[in-house]
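Colleague: Could you walk me through this model and tell me how each label was earned?
Modeller: Gladly, let us look at it together.

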Amino acid sequence: PGHAEELMRERSASQSDDDDHGIKDLTEYSAIVSIGGDGVVHEIMQGIHSRSDRAETLNRIKLGMVGTGTSNGLSATMAYASDEKFSPIDSTFMIAKGTTSRMDLSHYETLSKSYTSFLTFTWGIIADIDIESEAIHWMGFFRMDVWGALRTLFLRRYRAKLWYRPPNLDAP
């Protein structure tokens, strides 16, 4: 956990290639292909978000994803938007063909942290089910059903104050 995010962060002048397992600075790449689930893409996006050149990086780098995780929401969405079937092989062919499209991102800030999101941002019971069900990750997607039933039986209270600020389209 956290390795993809670490690789996407800016390198300091004191870091050597050995520090990043031979990975060069991200500015030397034009594309990133991940093999995994939405969690790997989430890490990639958070690492890029932490960079001072994040706007340029997001505009320059193409992101390909071969969905091999539990839910693969982003891979499935990209396949659907491209009128392709959804499977790891089909995703690989889409990447090889150079099929690209821009995607919307959202940015969220709390008092202590900020996040970049590519599918959705959840809070409350849905987030609890997603995050806490990692304890039974070995069950695959069925873990969501099991943990959803448990969380429904043992409900919590969720309190929050939410504000919406229209996006600043001129900001990076």
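What follows is a short conversation about the terms used for this chain.

Modeller: This is a predicted model, with local features needing pLDDT of at least 70 and side-chain atom pairs counting only at pLDDT 80 or more, while totals for chains, interfaces and linings use all residues. Residues are numbered from 1 along each chain as its sequence is written, and side-chain values use heavy atoms, with hydrogens and water left out.

Colleague: What makes up the chain, in helices and strands?
Modeller: There are 7 helices and 4 strands, taken as DSSP runs (H or I of at least four residues for helices, E of at least two for strands) and numbered from the N terminus. From that end, the order is α-β-α-α-β-α-α-β-β-α-α.

Colleague: Why is Leu-105 called partly exposed?
Modeller: Buried means under 20% relative accessible area, exposed over 50%, and partly exposed in between, with a 1.4 Å probe and protein chains only. Leu-105 has 36% relative accessibility, so it counts as partly exposed. Leu-105 sits in the loop between helix H5 (88-97) and strand E3 (106-109).

Colleague: What makes the nonpolar surface patch there?
Modeller: Leu-58, Met-103 and Leu-105 make it, at about 220 Å². Patch residues need over 30% relative accessible area and no salt bridge (a side-chain nitrogen of Lys or Arg within 4 Å of a carboxyl oxygen of Asp or Glu); nonpolar side chains (Val, Leu, Ile, Met, Phe, Trp, Tyr) are joined within 5 Å, like charges within 9 Å. Areas come from the Shrake-Rupley method with a 1.4 Å probe, and for residues only the protein chains shown count as cover.

Colleague: How do you know that E1 and E2 pair?
Modeller: Pairing takes at least two DSSP bridges. E1 (residues 31-36) and E2 (residues 62-67) run parallel and are joined by 6 bridges, so they pair by that rule. Gly-36 stands opposite Gly-67 in E2.

Colleague: Which side chains of E1 are buried?
Modeller: Ile-32, Ser-34 and Gly-36 point to one face and are buried, while Ala-31, Val-33 and Ile-35 point to the other and are not.

Colleague: What makes the largest nonpolar core a core?
Modeller: A core is a set of buried Ala, Val, Leu, Ile, Met, Phe, Trp, Tyr and Cys residues joined through side-chain atoms within 4.5 Å. The largest has 8 residues: Ala-4, Leu-7, Met-8, Leu-26, Ile-32, Ile-44, Ile-48 and Ile-61. Helix H1 (3-8) and helix H2 (38-49) each give two or more, and H1 has the largest share, 3 residues.
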